[in-house]
Amino acid sequence: MTRHVLPGEPPVEITLRRSARARRFSLRVSRVDGRVTLSMPARAREAEALRFAAEKAGWLRTVLDAAPPRDALGFGVTVPFEGRALELRPAAVRAVRVEGEAMLAPAGAARLGARVEAFLKLAARQRLQAACEVHAAALGRDFARITLRDTRSRWGSCTVDGALMFSWRLIMAPPEVLDYVAAHEVAHLAEMNHSEAFWRVVRRLVPDYESHRRWLKRHGTGLHRLDFGAGRADD
């Protein structure tokens, strides 16, 4: 994927994504964070794709203007953590940590967003690793590795070689929701589909999974509300 900036007022950043399945150019504006993706056939020319985007510039800016703003991270902002709303406060601490109903960070910390994001990623990796190990053991299966990303369209995935991927923002959800997503992806180690057999495996691992699935549908978009202003490199 490559990024380009569509000139104008305001400029619009567009991510170009080649797809072997694409038969035409298409633009998508994420309802989660406003990112613009232009999908294009694998052999199409970038110049043609950018001309297509330029023709749709007015529509793009209209959609982006109508999107709800994201909240920039800063002291005093509420940070969801394991289903709890914690106020981010400055404190005499060396690293980000949770105390009571507050999330504490070093006062005057440089790159505050990056520090808080790193704390959330570490907590997410620890919880997801533990949950996946429990569910994989219950199925008698092994997974290859766990990767964390800041994905917009899915909370997790499983490849045919047993590699599991999760959104690190799951640490913001209640623990039982994170556990359900871990079980969902581990279940794919046994059933690489969404058949009735797959959902039977999920129910075996998490009998009340349907309530957690509904929670994500209702509240999942809100987990993307905060903009940490940090790099978006995969972990």
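This is a dialogue on reading the features of one predicted protein model.

Trainee: Where do I start, and how many helices and strands does the protein have?

Mentor: Start with the inventory: the protein has 6 helices and 13 strands. Do keep in mind that this is a predicted model. Along the principal axes, the C-alpha atoms fill a box of roughly 50 × 50 × 30 Å.

Trainee: What share of the residues is buried?

Mentor: Of the 235 residues in the protein, 46% are buried. The accessible surface comes to about 13,000 Å², and carbon and sulfur atoms account for 49% of that surface.

Trainee: And how are the charges placed?

Mentor: Take the mean position of each kind of charge and compare the two. Here there are 39 positive and 27 negative charges, and their mean positions are 4 Å apart.

Trainee: What do the contacts say about residues that are distant in sequence?

Mentor: Consider the contacts between residues at least 6 apart in sequence: 49% of them join residues at least 24 apart.

Trainee: Now the sheets, please. What holds the strands of a sheet together?

Mentor: Strands of a sheet pair through backbone hydrogen bonds, and the pairing is either parallel or antiparallel. Let us take a case from this model. Four strands form an open sheet in the order β6-β7-β9-β8, with mixed pairing. Its edge strands are β6 (78-81) and β8 (97-99), each of which pairs on one side only. From one strand to the next, the twist averages 40°.

Trainee: In which sense do β6 and β7 pair?

Mentor: β6 and β7 are antiparallel, with 4 bridges between them. For one position to look at, find P80, whose bridge partner in β7 is A85. The two strands form a hairpin with 2 residues between them.

Trainee: What is worth a look in that turn?

Mentor: Look at E82, which sits in the loop between β6 and β7. E82 has a positive phi of about 50°, although it is not a glycine. With a relative accessibility of 22%, E82 counts as partly exposed, because buried means under 20% and exposed means over 50%.

Trainee: How does β7 connect to β9?

Mentor: Strand β7 (residues 84-91) and strand β9 (residues 102-106) run parallel and are joined by 5 bridges. Here you can check that A91 stands opposite P106 in β9.

Trainee: Could we follow one residue of β9? Is A102 buried or exposed?

Mentor: A102, which is found in strand β9, counts as buried, with 2% relative accessibility. Leaving aside neighbours within four places in sequence, A102 is in contact with L86, E87, R89 and R97. You can also compare sequence with space: A102 and P90 are 12 residues apart in sequence, and their C-alpha atoms are 9.9 Å apart.

Trainee: Which strands form the sheet that contains β10?

Mentor: That open sheet has 3 strands in the order β10-β12-β11, again with mixed pairing. The edge strands, β10 (145-149) and β11 (156-158), each pair on one side only. On average, neighbouring strands of this sheet are turned by 15° against each other, direction ignored.

Trainee: How many bridges join β10 to β12?

Mentor: There are 5 bridges between β10 and strand β12 (residues 163-167), and the two strands run parallel. One position to inspect is T147, which stands opposite M165 in β12.

Trainee: Which helices lie across these strands?

Mentor: To read such packing, ask which strands a helix lies across and at what angle. Helix α3 (residues 112-139) lies across β10 and β12, running at about 145° to β10. Helix α4 (residues 175-187) lies across β11 and β12, at about 155° to β12.

Trainee: Which residue of β11 could I use as an example?

Mentor: Try S157, which lies in strand β11. S157 is buried, because its relative accessible area is 15% and the limit is 20%. Beyond its neighbours within four places in sequence, S157 is in contact with A163, L164, M165 and E185.

Trainee: And in helix α4, what surrounds H184?

Mentor: H184 is found in helix α4 and is buried, with a relative accessible area of 10%. Setting aside neighbours within four places in sequence, H184 is in contact with H194, F198, W199 and V202.

Terms used: Residues numbered from 1 in each chain as written. Predicted model: local features only at pLDDT ≥ 70, side-chain atom pairs only at ≥ 80, totals over all residues. Heavy atoms only, no water. Buried < 20%, exposed > 50% of the residue type's maximum accessible area, 1.4 Å probe, protein only. Contact = heavy atoms within 4.5 Å. Areas by Shrake-Rupley, 256 points an atom, 1.4 Å probe, with all protein chains shown as cover. Lys, Arg positive; Asp, Glu negative; His and termini not counted. Charge placed at Lys NZ, Arg CZ, Asp CG, Glu CD. Pairing = 2+ DSSP bridges. Axes fitted to C-alpha atoms, helices over the stretch in contact; angles between N-to-C directions.
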